[in-house]
Amino acid sequence: MDGVDATVRGSVRTSSAAPPSLLTIILDTNPLSWSHLSSSLPLSAVLKTLLIFVNAHLAINHANQVAVLASHVDNVAWLYPTPDDGDASKQSSQTNGHTEVADEHRVVSNKYRPFLTIEKNISKNLRNLLTSDIPSAEALKSPPLLAGALSIALAYANLQLLKADPMTSDSASTGTGAVGAADLDAHTSALRTARSGHQFVSRILIVSVSQADLSSQYIGLMNSVFAAQRLNIPLDVLRIGERTAFLQQASDATSGVYLTYDPPNSTANGTNGAATASFSSATAGLLQTLMQGYFSDVAARKLLVMPGSAEVDFRAACFCHGKIVDLGGVCSVCLSIFCLPLEFTSCPTCQSPLRVPKSVTTKPVAFARRKKKKRKIGDGGRDSAAGTPVPN
Amino acid sequence: MAPPVKASVVYKKVDGILSITKDRQLVLFTPNVPPSSPPTLKIHTSEIRNLQQTPATKAKVSVKIVVQPPGGPAPENYVFVFSSTTAARAEAEAIMDPLKEVYANNLKSTTSASTPNAPVGSSPAASGPLAMAQVTASKTQDVLSDATLLSDFSLQKSLLDKNAQLHQRFNEAFKKLKNEADAIPLDQFSKQFWSPRIHLLRAHAMERSQTQGTYNVFSAVKPQRNNEGVVTLKLSKEQIQLIFAQHPLVRRIYDDLVPNRKKEGEFWSDFFVSRLFRKLKGEKFTASDVAAIPDLDKYLDYNEDADTGPLFAVPNIPRFLDVEGNEQDHPETYGNDDETQRPEKDQGLLRKLNTMSGKMMANVAPFDRSNLHGPVGMDEKTFDELQLKDLQGAEVDNRISLNIKETHGLFAGSSARNGQSSTVSSAAAMSDFKRQLLEPIGTPLEFNDTSKRQAASTSKGLMKSIKQRRSLLSIISDADTGLSRPTIDSAIMTHNTTIEFLHYFWDVYLSGDEGRTGELAKLVETLHKSLERIEAVATEADTELQQKQEDQRLKDQEFFKRTGKRIRAQNDASGGGKALHDLLKSTEMAVKYAETQYQRTYQEQVAQNGAQVQT
Ligand SMILES: [Zn+2]
Ligand SMILES: [Zn+2]
């Protein structure tokens, strides 16, 4: 392991206590995608693995917090903490706290209660997903609501950040009434603490399985990425299946970890029980990836080299044709990308007028044509035959 | 700015003072009787249409000012007779000189503007500082234009002197270009060098135009005790001037005492240890702390600020800022302990520093303020912002809404949606999903040997990527490349200049300017030479590698002679030209790309042109 340490020894934090850390997990729960994965890595196995990961996060620091969101077909659902719960905020703010658990839970006497609470909450809320209306076939095929889930996760992280710093939360609640300004102040100050003192750190892990085109959520996603950047919240992405360029870029932009995990194909196609056992290989790999790749929080990451592909695919697809472009135009208002030459005078996404800088539209000239005037005089041939004139 | 000009005059048989305001906006006539009466006549200098003065030969000095008020029917004449018995002529000059200047400016602006009656400033109410600010603003804009910046060699030189890294880059690029057979002329090079860096020039120009203001001089003057215990005091001429300017009282005392009662040096050495000094500085002291100096101590009770008047003549202080108001209304609210909330009571440091800041700011021409007499920085908007709003409701959201159209339809085919799809029906998928969900998640995971192997191989993959990233994070070191430090340095330098030339190339190439094709051709040549330069460094690296291997061989031989044993040949083939090319791979690619682009365009345009000639 000694090859991994990128520490500058001088920069080790002086305060002895590690800052509390919030881990927000966004789980893509598109039924179609999970059904597709059922033969190699079923959702139940992933959930079990995530629970171990979450428990480890809670166990390493008693002040650590966890939030889990499901980015479902046509809605974003809280898995933990359960929002309808009267004291949901209480539950979350003292994650490891000692909220009373219903009688039935007491049966499992050998489980640490906070672990149990999370497990039960997630299990219950996941089942609620099924009781809601069965989505249409068309809806199932639509991309997951990642932008929405990210916005909720960021808002939640921001709230926790403010709660963790009474000074800024105070100014935010009793502010001068100008909501925007107070918010900004809080942000700035939170940012300051995040950079200097590390009062409270936060990260978001997106577990993505859908092979989906996120372009319809582009603006929301971009805004989320900027917000995450500003709040110093890395967006970690664990991609199960093929890579997606956009999520990789989002993760790179926020100094998050982007990893793809390809579950080894299970050979057994037997009964349920047999299958569960054979998934253990895929699950073990997943657990290893989670623990080794995503376990460190922002404070720890300062001292570590994080895993991930060395090369990020920064290319973008144009909005007009979906083509990958090397050189394109970007709307300065909504950040939509277009290929060149531009086919419109105003942005098709936001209707802002587009003006292309001269350097893009001017045709490069490598060879000076003869002046028309000269041709009239009749001595042009000589000039052009000489090729490119060289000034002395 | 000029000091206010004053002269004793007779106007319409009334004795009085003729004066020009500091900002040269107004000419005022103030009668002597009754004392401290307000000016009875105000002439806007912007409305002056003519100025006449008695010739220098005549004994009686008088001045005629012809004024055309905006919208007024006819010009009005004002005649002032200078009444000073000793210096009438001089006072008349003092009045006339600034007026002549203003008048000349008026002429200029009226000839340029179509409306002859337009005042100099944007509005009649615009006071001097604002008008001046506008003038400087427009000047600054000129100064900061691209063209000016690009041609300001002294500015460029000053920036290069300041920024060593930039200077080095400039020199490298310049040297390379100068060595070419037919060098690009200096002015062309300088333009190419600076045009992508115009923002640096602009920032530097802004920086240079900033000047330092005055400072609290008392805090800078400190008596120093040397090794022998002798206290010395260093006081510069500028500091004395500042003290006089900031503390008129000191000037008065100085006038009173020097040289009749004290010598210059004596005065200052006394002053800096006096109670008066402590008081002016705002320090607290007791009589026992500081020795008495009767000559100076008698001024102790003198209120320094009394004769300067309130710094900012505000007709009414906003209630919520009015500390005095607190005193009158609810002294108990603020308690008796908080000196900062008590007017006049606090003669301590805070108040002194405030006064000091006020004085210093008063001498700075404000840039952002139209009302000279308003409190500092207090316009309507600021006032609104300062108002207490704790009981108000939330402000209306003033965000600009962005109307987003679904771009989805724009795509040629929305095939790339949820990929893994068609084979499974949604109903089947839902039931599959349901089955997966209903499985209990609380049960422990069980791992066998296969899963442990899987975990290990996953871990190995992660470690590999970590190591790969680490190598990207670390700077190029000789160990990694096998190249020597000097070779790496010259590689870096070659890279820098090449990138520099690439900048020039694209700048000219994309300008689409036919007149610059010659320049462009030369840049392409230069770029091509960059490749040769890289090659040269690579050759150097090869030689170096051979030398290294030769050294190693000799060493081995010697070892063999000495010990009779052979060391296992260390096949150290790292380094050399290959390593260097690896290092500069992307640089070379960029050059080749530029070249290809140029060649293609060139061929195309030659062909086109040829076709045109034939038609
Ligand atoms: Zn396109
Ligand atoms: Zn737009």
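Which residues coordinate the zinc ion (ligand 2)? The close-ups below come from a predicted model.

**View 1. The zinc ion (ligand 2) in its tetrahedral site.** Four sulfur donors do the job here: A:Cys331 (SG), A:Cys334 (SG), A:Cys347 (SG) and A:Cys350 (SG), at 2.2 to 2.3 Å. Angles among the 4 donor atoms run from 105 to 112 degrees. For reference, the ideal angle for four tetrahedral donors is 109.5 degrees. Along the chain, the donors are spaced as C-x2-C-x12-C-x2-C. Both A:Cys331 and A:Cys334 are buried.

**View 2. A nonpolar surface patch with residues from chains A and B.** A:Val333 teams up with B:Leu402 and B:Ile404 to make a patch of about 240 Å². A:Val333 sits in the loop between strand 9 (328-330) and strand 10 (337-339) of chain A, and is partly exposed at 45% relative accessible area.

**View 3. The A:Asp236 and A:Arg301 salt bridge.** The closest N and O atoms of this pair are 2.6 Å apart. A:Asp236 is in strand 5 (residues 235-240) and A:Arg301 in helix 13 (residues 298-301) of chain A, so the bridge ties together parts 65 residues apart in sequence. A:Asp236 counts as buried at 1% relative accessibility, as does A:Arg301 at 9%.

**View 4. A salt-bridge network of B:Arg169, B:Arg197 and B:Glu500.** B:Glu500 meets B:Arg197 at 2.6 Å, N to O; these two are 303 residues apart, with B:Glu500 in helix 21 and B:Arg197 in the loop between helix 6 (186-194) and helix 7 (198-209) of chain B. B:Glu500 also bridges to B:Arg169, at 3.3 Å. B:Glu500 and B:Arg197 are buried, whereas B:Arg169 is partly exposed at 22%.

Methods:
Residues are numbered from 1 along each chain as its sequence is written. Chains are lettered from A and ligands numbered from 1 in the order in which they are written. This is a predicted model: local features need pLDDT of at least 70, side-chain atom pairs count only at pLDDT 80 or more; totals for chains, interfaces and linings use all residues. Side-chain values use heavy atoms; hydrogens and water are left out. Patches are made of residues with over 30% relative accessible area and no salt bridge: like charges are joined within 9 Å, nonpolar side chains (Val, Leu, Ile, Met, Phe, Trp, Tyr) within 5 Å. Accessible areas come from the Shrake-Rupley method with a 1.4 Å probe; for residues, only the protein chains shown count as cover. A salt bridge is a side-chain nitrogen of Lys or Arg within 4 Å of a carboxyl oxygen of Asp or Glu. Helices (H or I, at least four residues) and strands (E, at least two) are DSSP runs, numbered from the N terminus. Buried means under 20% relative accessible area, exposed over 50%, partly exposed in between (1.4 Å probe, protein chains only). Donors are N, O and S atoms within 2.8 Å of the metal (3.2 Å for Na, K and Ca); water is not among the atoms, so sites may look incomplete. Four donors count as tetrahedral if all angles lie between 85 and 135 degrees; four count as square planar and six as octahedral if opposite donors are over 155 degrees apart and all others between 65 and 115; anything else is irregular.
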